[in-house]
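Here's a quick tour to read alongside the structure. Have the viewer open and follow the topics in order.

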Amino acid sequence: MARVNLKNITKVYGSNTVVDHINLDVEDGSLVSILGPSGCGKTTTLRMIAGFEIPDDGEVLFDDQPVGRVPVNKRNIGMVFQSYALFPHMTVAQNVAYGLEQHGVPKSEIPGRVMDALERVHMAEYAQRKPKQLSGGQQQRVALARALVIRPSVMLLDECLSALDKKLRVEMQSELRRLLEESKVTTFFVTHDQEEAMTLSDRIVVMHDGIIEQTGTPREVYESPRNRFVADFLGKADFFEGKLVSAGNGIVTIATENSELTLTGSTTAAPGEDVLFAVRPEHVIMNPAVGAETPVGALRGKINHIIYSGNVISSIVDCGGMMVRTEATGGSLSREPQRGEEVILSWEPDYLIQLEK
Amino acid sequence: MSNNNKTGVLGKILIILVLLYLYAPIFVLMLLSFNESRYNSLPFAFTLDWYRDLAEDRALMEAAKNSMVLALITGIICVILGTMFILGQRYLARRTEGIFNSIVMMPMSIPWLIMGLSSLLMIRQLGFEKNMIFVALGHIVISLPYSLLVLRARISSLDKSLEEMSASLGAGPLTTFRRITLPALAPAMIAGGFLSFMISFDNFPISYFLMPSGYSTLPIEIQLSIKFGFTPEINALSTVIIGFSLVVLAIVGLIMRSNIKSLVGGDN
């Protein structure tokens with residue numbers, strides 16, 4: 001229950017700048033994901049918020065108070081690690097009670113609050129078990145209860161669902177979100193899983209090489225990615241890169257290395273500028289090619305291969321050497337695409353995303 | 001199938017041979033401790049006389065007490081030093097850690113005979129008289145690496161996030177050490193201490209060189225008694241020691257097992 005500000009925080013290991021002057025303002029009670037590939041500095045950022053790492057430059061503020069000199073055990077944070085880090089020699093109840101004891105909660109209140117917390121994660125009946133007698137999902141719940149029971153001002157979750165199998169992970173996602181919204185606690189998730197970031201958070205911070213590439217709601221980040229990295233990391237994208245030749249009437253013409261492409265959409269760039277566009281594969285409509293004519297703004301190609309993954313059928317289309325990916329939900333196709341088939345690819349003008357070069 | 005059976009039988013025979021090779025001498029010794037003959041000769045006639053004699057042998061009992069005290073002190077100090085060492089080591093740079101490691105583990109690769117002799121020479125050069133403190137110091141130097149080996153194996157598998165978690169829950173460094181780190185290390189401390197205890201209890205060369213006159217330990221006493229008239233009392237004593245070791249080993253084993261079970265995921 002605190003507002004968190006990161007001001008220019010930086011962490012350097014040797015000659016390697018892991019986190020490079022990051023600024024981030026997080027509202028009280030919001031759920032924020034820090035998303036990025038491994039090595040992007042997201043965990044280091046989280047550890048600086050927690051106080052395990054001290055920034056080499058910049059400041060972390062909780063409710064406008066700098067916490068640089070406040071040690072971890074005085075920051076009132078709740079943490080959940082990927083490994084859960086349940087204390088192996090204590091029972092579930094003792095694990096949850098531990099934080100309350102450290103916070104000087106009167107002895108008489110502790111059992112009640114422990115049971116409350118365990119009930120909220122549906123683990124009350126396991127109170128007397130040892131962690132090793134629990135499944136991964138159950139350990140996860142206990143770890144959550146242990147972090148939430150101390151009523152932390154900030155919750156920090158480090159890849160906390162990654163160790164679960166897919167089905168359980170999806171179940172836990174919605175439950176986790178419910179718990180955190182109920183507790184109204186400011187929360188940071190560190191994750192490399194875009195789906196997790198989208199479902200769990202109000203805001204996504206995309207990190208790459210120690211810097212923030214983009215911050216926004218899940219919808220903003222997915223639908224209007226700022227650059228190639230974000231477009232590529234969140235979801236899939238087809239990219240079109242070249243020099244802008246002309247634009248107007250819902251058609252953009254670019255010159256690529258060896259040909260000229262007409263794409264449906266619009267741009268703010270001026271002719272002659274280098275431009276980069278992206279289209280999400282699920283926005284690409286694929287139709288069989290009839291006749292020799294290719295409509296303006298559409299692409300013509302041959303299906304190179306087809307990837308069937310149950311709910312989604314992806315076709316990789318070879319458009320004169322350029323591979324374009326399309327995706328269709330299983331039921332939406334009137335007929336199965338065939339390998340080698342000639343097709344026309346098109347999309348609605350709004351779906352052409354202009355990226356920063 | 002038949003091939004498998006053949007190798008199975010062969011394997012069993014081999015195991016029995018190895019076990020015989022390892023334990024037959026000990027078994028013979030234990031048997032002879034109950035034999036009437038003073039010269040360890042057959043036929044076997046059961047007696048407990050040697051155990052009675054042992055209980056009345058002041059010199060031997062005194063040596064046993066010395067050995068026990070020495071080994072206990074060595075074991076305890078090795079555990080304390082070893083634990084401090086591995087905990088401190090976590091904050092060292094990798095290179096420094098390597099250097100420290102080599103220095104502490106060195107006594108393992110130097111023959112004890114040489115360690116004993118060189119310690120004696122140094123004590124003499126410095127103008128000290130031999131005394132029990134030097135004996136204890138010598139035992140600690142050679143036993144410490146064994147404690148360290150066990151402790152290091154444990155700490156390298158100790159998840160640092162447990163301690164971080166404790167801090168995040170509001171515990172200061174001392175509480176974290178007492179309630180999280182120490183319980184996690186306890187099994188290794190017991191096992192390491194036991195190992196150092198045995199190394200010290202068993203040690204002859206260091207004690208031989210450094211022991212002040214008028215004092216003795218079991219290994220020295222046994223060596224002396226072989227020189228000046230061996231009696232089956234020694235057999236009885238050895239049997240008692242073996243029995244004692246087995247009991248301690250069993251206890252340590254039980255503690256370790258229950259601890260490891262609760263520390264490692266195990267059977268879920």
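In what order do the five strands of the open sheet in chain A come? They run 15-19-16-17-18, and the pairing is antiparallel. Keep in mind that this is a predicted model. Below, we start with that sheet, then look at two helix pairs and at the place where chain B touches chain A.

**The open sheet in chain A**
- The edge positions go to strand 15 (285–288) and strand 18 (322–329) of chain A; each has a single partner strand, so one side of each lacks a neighbour in the sheet.
- On average, neighbouring strands here are turned by 45° against each other, if you ignore direction.
- Zoom in on strand 16 (residues 299–308) and strand 17 (residues 312–319) of chain A: they run antiparallel and are joined by six bridges.
- If you want a spot to click on, A:I303 has A:V317 in strand 17 of chain A as its bridge partner.

**Helix 2 and helix 4 of chain A**
- The axes of helix 2 (residues 92–102) and helix 4 (residues 136–148) of chain A come within 7 Å and cross at roughly 25°.
- An angle under 35 degrees counts as roughly parallel, so that's the label for helix 2 and helix 4 of chain A.
- Their crossing is right-handed.
- On the helix 2 side of chain A you'll find A:V92, A:N95, A:V96 and A:G99, which meet A:V142, A:A145 and A:R146 from helix 4 of chain A.
- Sorted by type, the residues of this contact are four nonpolar, two polar and one charged.

**Where chain B touches chain A**
- The contact involves 19 residues of chain B and 21 residues of chain A.
- On the chain B side, helix 7 (160–168), helix 8 (173–202) and helix 11 (233–263) each chip in at least two residues.
- Helix 7 of chain B gives the most to this side, with six residues.
- The chain B side breaks down into eight nonpolar, nine polar and two charged residues.

**Helix 7 and helix 8 of chain B**
- These two contributors to the chain B side also pair up with each other: the axes of helix 7 and helix 8 of chain B come within 10 Å and cross at roughly 160°.
- Angles over 145 degrees count as roughly antiparallel, so helix 7 and helix 8 of chain B get that description.
- This crossing is right-handed.
- From helix 7 of chain B, B:L162, B:E163, B:S166 and B:A167 meet B:T176, B:I180, B:T181 and B:A184 in helix 8 of chain B.
- That contact's residues split into four nonpolar, three polar and one charged.

Technical notes
Residues numbered from 1 in each chain as written. Chains lettered and ligands numbered in written order. Predicted model: local features only at pLDDT ≥ 70, side-chain atom pairs only at ≥ 80, totals over all residues. Axes fitted to C-alpha atoms, helices over the stretch in contact; angles between N-to-C directions. Helix = DSSP H or I, 4+ residues; strand = E, 2+ residues; numbered from the N terminus. Parallel < 35°, antiparallel > 145°, perpendicular 65-115°, else oblique. Left-handed = near helix turned anticlockwise from the far one by under 90°. Contact = placed C-beta atoms within 7 Å. Nonpolar A, V, L, I, M, F, W, Y, C, P; charged D, E, K, R; others polar. Pairing = 2+ DSSP bridges.
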